[in-house]
Amino acid sequence: MTLHLLKDTSNPLALCVLSSLSSSEASSPVVVVLSPDKAMPALPHVAIYHLQEQPSAQENNAISYSRLVEMIFQAEKVIAW
């Protein structure tokens, strides 16, 4: 898995690169949005999560800080935007 840490959802370079991934390249990329705003980018072929201090069970795409640390250690590559 390639883990992308996206600090700002308005980063044009990051969004361009992530949206241009083909389905074969995008076999396992994961994006975690670190910014406090809830704006989630629409990216095809990419799993997107939002970092929250205490995610609720109703939010399927919210992860905690401890889960983020686990994902960093499980990833083959981590890219910070």
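Contact here means that heavy atoms lie within 4.5 Å, and Asn61, leaving aside its neighbours within four places in sequence, is in contact with Met40, Ile48, Tyr49 and His50. This is a predicted model, in which local features need pLDDT of at least 70 and side-chain atom pairs count only at pLDDT 80 or more, while totals for chains, interfaces and linings use all residues. Residues are numbered from 1 along each chain as its sequence is written, and side-chain values use heavy atoms, with hydrogens and water left out.

**Confidence and overall make-up**

The predictor's confidence in each residue is given as pLDDT, on a scale from 0 to 100; the chain has a mean of 83, and 89% of its residues reach 70 or more. Among the elements of the chain, helix 2 (residues 65-74) has the highest mean pLDDT, 94, and strand 2 the lowest, 84. Where pLDDT is low, the predicted coordinates should not be read in detail.

Helices (H or I, at least four residues) and strands (E, at least two) are taken as DSSP runs and numbered from the N terminus. The chain holds 2 helices and 5 strands, and from the N terminus on its elements run β-α-β-β-β-α-β. Of contacts between residues at least 6 apart in sequence, 51% join residues at least 24 apart. With accessible areas computed by the Shrake-Rupley method with a 1.4 Å probe, for which only the protein chains shown count as cover of residues, the chain exposes about 4,900 Å², and carbon and sulfur atoms supply 55% of it.

**The sheet**

Two strands are said to pair if DSSP finds at least two bridges between them. On that basis, an open sheet of 5 strands has the order 4-3-2-1-5, with parallel pairing. Its edge strands are strand 4 (62-63) and strand 5 (77-80), each of which pairs on one side only. Strand 1 (residues 2-6) and strand 2 run parallel and are joined by 5 bridges, strand 2 is joined to strand 3 (residues 47-51) by 4 bridges, again parallel, and strand 3 pairs with strand 4 in the parallel sense over 2 bridges. Individual partners are set out below.

| Residue | Partner | Strand of the partner |
|---|---|---|
| Thr2 | Pro29 | strand 2 |
| Val30 | Ala47 | strand 3 |
| Val33 | His50 | strand 3 |
| His50 | Ala62 | strand 4 |
| Leu51 | Ile63 | strand 4 |

**Burial of strand 2**

A residue is called buried under 20% relative accessible area, exposed over 50%, and partly exposed in between (1.4 Å probe, protein chains only). Of the 81 residues of the chain, 36% count as buried. In strand 2 (residues 29-33), 5 of the 5 residues are buried, so this strand is largely enclosed by the rest of the structure. Pro29, Val31 and Val33 point one way from strand 2, whereas Val30 and Val32 point the other way, and all are buried.

**The loop residue Asn61**

Asn61 is found in the loop between strand 3 and strand 4, and it counts as partly exposed because its relative accessibility is 30%. Although Asn61 and Ala47 are 14 residues apart along the chain, their C-alpha atoms are separated by 8.6 Å.
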